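Open the model in your viewer and set it to a cartoon view. The stops below go from one residue outward to a whole chain.

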Amino acid sequence: MAAMTKALPRRLVGLASLRAVSTSSMDTLPKQVKIVEVGPRDGLQNEKNIVSTPVKIKLIDMLSEAGLSVIEATSFVSPKWVPQMADHAEVLKGIQKFPGITYPVLTPNLKGFEAAVAAGAKEVSIFGAASELFTKKNINCSIEESFQRFDAILKAAQSANISVRGYVSCVLGCPYEGKISPAKVAEVTKKLYSMGCYEISLGDTIGVGTPGIMKDMLSAVMQEVPPAALAVHCHDTYGQALANTLMALQMGVSVVDSSVAGLGGCPYAQGASGNLATEDLVYMLEGLGIHTS
Amino acid sequence: MGNVPSAVKHCLSYQQLLREHLWIGDSVAGALDPAQISVLINLHCFQPYVSGFSVSLVGSVACIHWETSQLSGLPEFVKIVEVGPRDGLQNEKVIVPTDIKIEFINRLSQTGLSVIEVTSFVSSRWVPQMADHTEVMKGIHQYPGVRYPVLTPNLQGFHRAVAAGATEISVFGAASESFSKKNINCSIEESMGKFEEVVKSARHMNIPARGYVSCALGCPYEGIITPQKVTEVSKRLYSMGCYEISLGDTIGVGTPGSMKRMLESVMKEIPLGALAVHCHDTYGQALANILTALQMGINVVDSAVSGLGGCPYAKGASGNVATEDLIYMLNGLGLNTGVNLYKVMEAGDFICKAVNKTTNSKVAQASFNA
């Protein structure tokens with residue numbers, strides 16, 4: 001902007017006073033947004049360097065002290081597939097479990113679920129996809145077969161009084177199929193919800209979505225699943241994450257997944273950025289006068 | 001998301017790219033030439049998507065069919081004002097050689113952009129990066145249909161600009177007294193006096209003048225800036241003859257709520273068609289703020305290719321919103337810009353290599369492998 005003088009005095013007003021600026025929220029936005037922190041799992045999973053167990057535990061403990069109410073801790077998946085998550089049991093056992101905070105873990109199958117429960121998990125997540133090809137390449141089965149696997153987990157979780165969160169990948173586009181129809185997303189979401197997932201996180205896995213497409217997708221899904229049971233999980237691969245999240249908020253979604261430091265890259269686009277950064281999300285929400293937890 | 005094997009590399013096969021969903025944001029009636037297609041295919045995983053776009057190859061020429069899901073209530077066409085060569089480079093530490101600047105601007109001229117802010121006729125003592133303003137202005141190729149505004153902070157700068165061939169100018173006000181004082185060493189009122197001289201002279205010579213209002217959503221010295229103050233300054237600039245007012249979130253502190261409140265106030269006094277937004281991405285809020293502005297009817301947006309420029313008030317911070325990321329969003333929304341995203345990315349790649357920096361554009365990061 002403007003012609004700048006060379007030596008600028010750096011007396012900047014603190015962020016705290018600037019935050020006081022925007023107390024008016026926009027008309028249809030939720031008053032409160034729950035942030036689901038996925039940095040330790042989704043974020044770290046996509047980082048090349050293997051992070052040591054103590055560092056992972058420290059990260060999660062620090063996040064616990066930040067006021068977040070949901071922190072996805074790890075993934076009970078075979079280390080053959082995801083070496084970064086090989087220490088899942090140690091991490092889950094090693095973290096401090098603060099009261100009022102839940103620490104869900106990924107469980108792709110019954111074996112993972114049982115290992116998770118044995119390690120003390122009280123909440124688990126399962127991952128579906130709105131794309132047949134993605135499901136095939138990712139977990140080597142069709143969408144229908146994946147539902148059968150999930151059903152086993154959900155039944156076991158129900159008996160053990162463990163909550164299950166469902167994820168739907170590729171909701172705004174698939175690296176293999178390209179365009180994904182909102183109807184398909186609605187179908188998969190509805191299925192997971194009816195099977196017993198308390199919340200469904202809709203993920204723009206490769207970050208290709210833009211606000212209009214987010215709106216179309218949510219319009220279709222909201223006809224089948226109540227908005228209060230929905231979350232959005234935006235990747236920032238093309239810089240669209242915050243704008244897409246804003247659109248979701250305008251549509252009535254009040255749960256947003258994000259990753260501290262925008263951790264994680266994208267396995268489908270070398271060099272690309274990863275998840276929506278929690279810091280940037282919190283900045284926007286606070287500026288909008290929305291209470292975060 | 002999910003359990004992704006770390007071995008997964010690239011996704012869309014050549015067949016996939018040829019079949020459907022190759023989208024590069026060309027203009028509605030545009031077409032890809034074979035050279036572009038082959039380069040695209042060689043770019044690893046370059047496939048920004050938008051639902052509703054399909055590409056069919058007829059012979060060796062691809063035509064893009066436009067079947068978009070347009071968000072209702074948004075403007076149909078958005079004019080992008082490219083400020084990379086001026087606002088972007090101005091904030092870069094490395095002094096860019098004149099010939100590189102000229103080449104950069106010439107490349108931008110071929111992307112479909114209709115307005116490219118070239119340079120600033122400011123004293124080289126204050127802004128060394130812009131010391132070569134005259135040579136740059138004289139050296140660029142002025143393409144028909146493209147406008148090349150330049151900054152002119154005072155009458156002296158204005159005359160120099162005209163002598164160098166400028167046919168459009170910009171003046172920079174601020175909605176903050178402190179910022180005005182520290183930036184151009186005078187009060188807002190005094191600055192308006194100077195600008196009035198410039199704008200009057202410009203109008204006399206039939207030269208359009210664009211007005212900027214800095215600190216529209218917050219000031220590094222004063223903090224809170226009231227929408228009323230922004231409106232007051234904007235109105236001054238508009239009534240003295242500026243054809244368009246660009247409202248700048250200079251330090252990128254704004255969020256959609258503050259953008260909305262500010263615009264609501266300004267729009268009471270200035271017609272929508274005469275307004276633009278200029279968002280910095282210092283706190284990652286730029287696109288969300290721009291979306292808000294679009295939802296309110298704004299259809300002129302400033303941006304800088306590669307998100308050039310840092311922020312002199314926040315060391316290490318990012319700068320302007322990246323033109324590439326902006327175009328990606330606008331195209332995804334089904335809004336026409338007339339700009340070729342691919343060509344913009346090429347220009348961005350050129351300037352980043354020349355300045356030896358990595359791009360700030362996420363689209364470019366995802367599309368060009370290092």
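Select Asn289(B): this residue sits in helix α11 of chain B, which covers residues 286-295. The model is a predicted one.

Is Asn289(B) buried or exposed? With a relative accessible area of 0%, Asn289(B) is buried, because buried means under 20%.

Next, show the side chains around Asn289(B). Which residues does Asn289(B) contact, once its neighbours within four places in sequence are set aside? They are Asp249(B), Gly254(B), Thr255(B), Pro256(B), Met259(B) and Cys279(B).

Now select chain A and colour it by secondary structure. Chain A has eleven helices and ten strands. Its radius of gyration is 19 Å, close to the 19 Å given by the globule rule for 293 residues, so chain A is as compact as a globular protein of that length.

Keep chain A selected and reduce it to its C-alpha trace. Along the principal axes, that trace spans about 65 × 45 × 35 Å. Then look at contacts in chain A between residues at least 6 apart in sequence: 76% of them join residues at least 24 apart.

Turn on the surface of chain A. The accessible surface amounts to about 10,900 Å², and carbon and sulfur atoms account for 55% of that area. Beneath it, how many of the residues count as buried? Of the 293 residues in chain A, 61% do.

Last, colour chain A by charge. There are 25 positive and 26 negative charges, and the mean positions of these two sets lie 3 Å apart.

Methods: Residues numbered from 1 in each chain as written. Chains lettered and ligands numbered in written order. Predicted model: local features only at pLDDT ≥ 70, side-chain atom pairs only at ≥ 80, totals over all residues. Heavy atoms only, no water. Helix = DSSP H or I, 4+ residues; strand = E, 2+ residues; numbered from the N terminus. Buried < 20%, exposed > 50% of the residue type's maximum accessible area, 1.4 Å probe, protein only. Contact = heavy atoms within 4.5 Å. Rg over C-alpha atoms; globule rule 2.2 N^0.38 Å. Areas by Shrake-Rupley, 256 points an atom, 1.4 Å probe, with all protein chains shown as cover. Lys, Arg positive; Asp, Glu negative; His and termini not counted. Charge placed at Lys NZ, Arg CZ, Asp CG, Glu CD.
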